[in-house]
Amino acid sequence: MSLYDALAHTPEMDAIFSDSRLLEACLAVEVALAEAQSDCGLIPASSAAAIKAAADPTLFDMTKLAHDTLRAGVLTVPLVKALTDLVA
């Protein structure tokens with residue numbers, strides 16, 4: 001049993017903390033960051049738009065992302081790389 005299981009393991013909580021919901025939330029942060037950077041003139045508006053267009057969870061290989069997250073120790077590094085690959 002994990003700590004998560006002991007504290008809040010219900011079908012509703014599983015849905016809230018699912019891999020797809022986590023990915024959606026992380027991508028929303030990346031989009032917000034890109035839009036803020038664009039508003040400040042740090043990146044072109046076209047780059048922010050490209051990031052927003054690529055921030056579709058269905059475009060990501062969840063198996064590869066999970067494998068790369070295990071290797072990196074954090075989700076951010078492989079997520080940003082995968083997002084960059086989609087935008088580039």
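With 88 residues, a compact globule would have a radius of gyration near 12 Å, but this protein comes out at 15 Å. Keep in mind from the start that you are looking at a predicted model. Along its principal axes, the C-alpha atoms fill a box of roughly 45 × 25 × 20 Å, which you can picture as you turn the model on your screen.

What is the chain made of? The protein has six helices and zero strands, and reading along the sequence gives the pattern α-α-α-α-α-α. Take contacts between residues at least 6 apart in sequence: 51% of them join residues at least 24 apart.

Now for the surface. Buried residues account for 20% of the 88 in the protein. The accessible surface comes to about 6,100 Å², and carbon and sulfur atoms contribute 65% of that. As for charge, there are 5 positive and 12 negative side chains, and the centres of these two sets lie 7 Å apart.

Let us walk along the chain, beginning in helix α3, which covers residues 19–39. Arginine 21 lies in this helix. Is arginine 21 buried or exposed, or something in between? Its relative accessible area is 43%, so arginine 21 is partly exposed. Once neighbours within four places in sequence are set aside, arginine 21 is in contact with Ala15 and Ile16. For a sense of distance across the model, compare arginine 21 with valine 80: the two are 59 residues apart in sequence, and their C-alpha atoms are 17 Å apart in space.

Further along helix α3 you will find serine 38. Here the relative accessible area is 17%, and because buried means under 20%, serine 38 counts as buried. Which residues does serine 38 touch, leaving aside its neighbours within four places in sequence? The contacts are Ile43, Pro44, Ala45 and Ala48.

One of those partners, proline 44, makes a good next stop. Proline 44 sits in the loop between α3 and α4. With a relative accessible area of 47%, proline 44 is partly exposed, whereas serine 38 is buried. From C-alpha to C-alpha, proline 44 and leucine 23 are 25 Å apart in space, with 21 residues separating them in sequence.

Helix α4 spans residues 45–54, and the loop between it and α5 holds leucine 59. How accessible is leucine 59? A relative accessibility of 44% makes leucine 59 partly exposed. Beyond its neighbours within four places in sequence, leucine 59 is in contact with Ala53, Ala54 and Leu86. Leucine 59 and glutamate 30 are 29 residues apart in sequence, and 15 Å separates their C-alpha atoms in space.

Next comes helix α5, made of residues 62–72, and its N-terminal end has a cap. Which residue does the capping? Aspartate 61 does, with a side-chain oxygen 3.1 Å from the backbone nitrogen of threonine 63. At the other side, α5 is followed by glycine 73, whose phi is positive, near 90 degrees.

Our last stop is valine 74, in the loop between α5 and α6, the latter running over residues 76–87. Valine 74 counts as partly exposed because its relative accessibility is 40%. Valine 74 and glutamate 35 are 39 residues apart in sequence, and from C-alpha to C-alpha they are 23 Å apart in space.

To look back over the walk: the protein has six helices and zero strands, and its radius of gyration is 15 Å, while a compact globule of 88 residues would be near 12 Å. Along the way, serine 38 in helix α3 was a buried residue, and aspartate 61 capped the N-terminal end of helix α5.

Definitions and conventions: Residues are numbered from 1 along each chain as its sequence is written. This is a predicted model: local features need pLDDT of at least 70, side-chain atom pairs count only at pLDDT 80 or more; totals for chains, interfaces and linings use all residues. Side-chain values use heavy atoms; hydrogens and water are left out. Helices (H or I, at least four residues) and strands (E, at least two) are DSSP runs, numbered from the N terminus. The radius of gyration is taken over C-alpha atoms; the globule rule is 2.2 Å times the number of residues to the power 0.38. Buried means under 20% relative accessible area, exposed over 50%, partly exposed in between (1.4 Å probe, protein chains only). Contact means heavy atoms within 4.5 Å. Accessible areas come from the Shrake-Rupley method with a 1.4 Å probe; for residues, only the protein chains shown count as cover. Lys and Arg count as positive and Asp and Glu as negative; His and the chain ends are not counted. The place of a charge is taken as NZ of Lys, CZ of Arg, CG of Asp or CD of Glu. A polar contact is a pair of N or O atoms within 3.5 Å; within protein, one must be able to donate a hydrogen and the other to accept it, and residues adjacent in sequence count only if both atoms are side-chain atoms.
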